[in-house]
Amino acid sequence: NKKIKKIVKEIIENVKKNGDQALRQYTKLFEKFIVKEFEIPRKKIILSSESINSELKNAILSAKKNITCFHKAQLLNEINLEIETGVRCQQIYLPLNTIGIYIPNGTAPLFSTVLMLAIPAKIAGCKNIVLCSPPPVSDEILYTAHICGVDKIFQIGGAQAIASLACGTKTIPKVDKIFGPGNAYVTESKLQVSSMFNGPEIDMLAGPSELLIIADDSANPDFIAADLLSQAEHDSSSQVILVTPCIQLAQKVIVSLNKQLLKLFRLSEILNSLSNSAIIIAKDLRQCIDISNIYSPEHLMIQTIKPRDILDSILNASSIFLGLWSPESAGDYASGTNHVLPTYGKSISVSALGIADFQKRVLVQELTPQGLIKLSNTIQVLSSSEKLEAHKNAVRIRVDFLEKIK
């Protein structure tokens with residue numbers, strides 16, 4: 001959208017030039033909120049727990065435990081090999097130093113996303129975690145951020161928040177990488193700042209949420225309808241798709257959808273989302289799988305009599321839910337997997353968020369004199385062949401030195 005691109009570019013330039021002054025201007029304009037101090041005082045963060053009932057606290061802590069367990073298992077072992085005598089190569093993992101996480105705080109403050117971003121960041125060893133969220137930041141977000149060890153929380157939202165994390169201001173520190181979902185302005189801002197000279201990396205460009213369900217005649221139509229609606233309520237731009245070879249199942253799902261949606265609050269979002277959506281009658285399960293692999297959904301549910309038998313045939317999906325008893329909501333909140341996922345068919349080549357996104361791989365090599373001598377001819381032949389004489393000389397000068405002191 002050219003209009004969005006233009007607005008976002010102006011916001012970034014203004015924040016880069018005028019810092020906190022620009023942030024105050026945009027917060028008043030877009031959020032209708034006058035900010036005295038962007039950083040939320042530690043006392044207010046700690047006191048946020050008093051506003052959270054014990055049932056919600058326990059649920060957040062239970063989800064935190066599962067997400068921590070699954071993400072700790074993702075830590076990779078370092079590689080330390082003597083490739084040949086006197087030639088040692090290593091691969092080590094270093095945490096990103098300072099990261100920014102963006103948490104939407106509109107009609108549905110996404111405190112669950114705090115868990116999904118802050119927990120792997122802490123496990124990976126990130127030294128500084130900076131959180132931005134539109135004002136007023138909900139107590140649920142403050143409490144969740146606090147128990148996850150977030151260092152600093154700022155009440156700033158939208159494209160201007162992304163710009164401040166990318167450029168740094170007097171108040172808000174510049175970060176090395178920005179994580180988190182947002183609206184079209186936030187997404188466009190992430191795209192633009194990641195292209196700046198000395199700009200930050202970003203996790204991914206997340207679009208509207210997607211769900212595709214593969215189902216056969218063994219599936220429960222009420223379960224399918226509930227799953228479709230659970231994803232449709234995310235956003236008016238979300239898309240949900242049922243692919244099945246069973247027309248009777250599809251008809252039952254439509255009846256159940258119409259009954260269930262009357263009981264739901266976010267009816268406007270759901271109806272808009274359903275207008276983007278479809279039920280596809282395939283000729284057989286093989287064609288269902290082919291359609292899914294082409295679509296490459298963010299969320300894929302397999303509700304068939306033997307769902308695990310189909311798993312090996314799935315080529316593209318961000319997060320997969322097997323069987324009748326694995327609602328997509330489990331992955332959104334508490335099963336342990338991450339809910340920050342590639343959309344728009346990006347699962348063809350992009351993975352779900354994990355520990356690796358908060359670290360960088362660093363390569364180390366160490367040669368002994370004997371190792372260098374043994375490898376020297378190979379290096380010199382290859383570098384000479386590529387007409388890179390300085391490369392050859394860097395080896396030759398050492399070999400000559402070693403021969404002189406024998």
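The questions and answers below walk through one predicted protein model.

The model is predicted, so local features are reported only at pLDDT of at least 70 and side-chain atom pairs only at pLDDT 80 or more, while totals for chains, interfaces and linings use all residues. Residues are numbered from 1 along each chain as its sequence is written, and side-chain values use heavy atoms, with hydrogens and water left out.

Reader: Hi! How many helices and strands does the chain have?

Author: Happy to help. Helices here are DSSP runs of H or I with at least four residues, strands are runs of E with at least two, and both are numbered from the N terminus. Counted that way, the chain has 13 strands and 16 helices.

Reader: What percentage of the residues in the chain is buried?

Author: A residue is buried under 20% relative accessible area, exposed over 50% and partly exposed in between, using a 1.4 Å probe and protein chains only. The chain has 406 residues, and the buried share of them is 46%.

Reader: Among contacts between residues at least 6 apart in sequence, what percentage joins residues at least 24 apart?

Author: A contact means heavy atoms within 4.5 Å. Taking the contacts between residues at least 6 apart in sequence, the share that joins residues at least 24 apart is 72%.

Reader: Which helix gives the most residues to the largest nonpolar core?

Author: A nonpolar core is a set of buried Ala, Val, Leu, Ile, Met, Phe, Trp, Tyr and Cys residues joined through side-chain atoms within 4.5 Å. The largest one has 37 residues, and those touching the most other members are I99, I101, L131, V150, I153, F179 and F358. At least two residues come from each of α4 (54–72), β3 (98–102), α5 (111–124), β4 (128–133) and α6 (139–147). With 10 residues, the helix that gives the most is α5.

Reader: Is A121 buried or exposed?

Author: A121 lies in helix α5. Not counting residues up to four places away in sequence, A121 touches I99, C126, I129 and F358. Its relative accessibility is 0%, so A121 counts as buried.

Reader: Which residues is F358 in contact with, leaving aside its neighbours within four places in sequence?

Author: F358 is one of the core residues that touch the most other members. With those sequence neighbours set aside, the contacts of F358 are P95, L96, I99, L117, P120, A121, A124, C126, F179 and L353.

Reader: Why do C246 and C288 not form a disulfide?

Author: A disulfide is a pair of cysteine sulfur atoms within 2.5 Å, and a search of the whole structure finds zero of them. C246 is buried at 13% relative accessible area, and C288 is buried at 0%. The closest cysteine sulfur to that of C246 is in C288, and there is no bond because the distance is too far, at 10 Å.

Reader: Which residues does a cis peptide bond join?

Author: P136 is found in the loop between β4 and α6. The cis bond has an omega of about -10 degrees, and the residues it joins are P135 and P136.

Reader: K32 has a positive phi; is K32 buried or exposed?

Author: Phi of K32 is near 55 degrees, a positive value in a residue other than glycine. K32 is found in the loop between α2 (20–31) and α3 (42–47). With a relative accessible area of 67%, K32 is exposed.

Reader: And S296, is that residue buried or exposed?

Author: S296 has a positive phi of about 55 degrees although it is not a glycine. Its place is in the loop between α12 (285–295) and β11 (299–303). The relative accessible area of S296 is 1%, so S296 is buried.

Reader: Which residues does T27 contact, leaving aside its neighbours within four places in sequence?

Author: T27 is found in helix α2, and T27 is buried, with a relative accessible area of 1%. Once those neighbours are left aside, the contacts of T27 are K32, F33, V35, F38, P135, I156 and Q160.

Reader: What distance separates the C-alpha atoms of L341 and S351?

Author: L341 sits in the loop between α14 (328–333) and β13 (359–367), and L341 is buried, with a relative accessible area of 4%. L341 and S351 are 10 residues apart along the chain, and their C-alpha atoms are separated by 7.1 Å.
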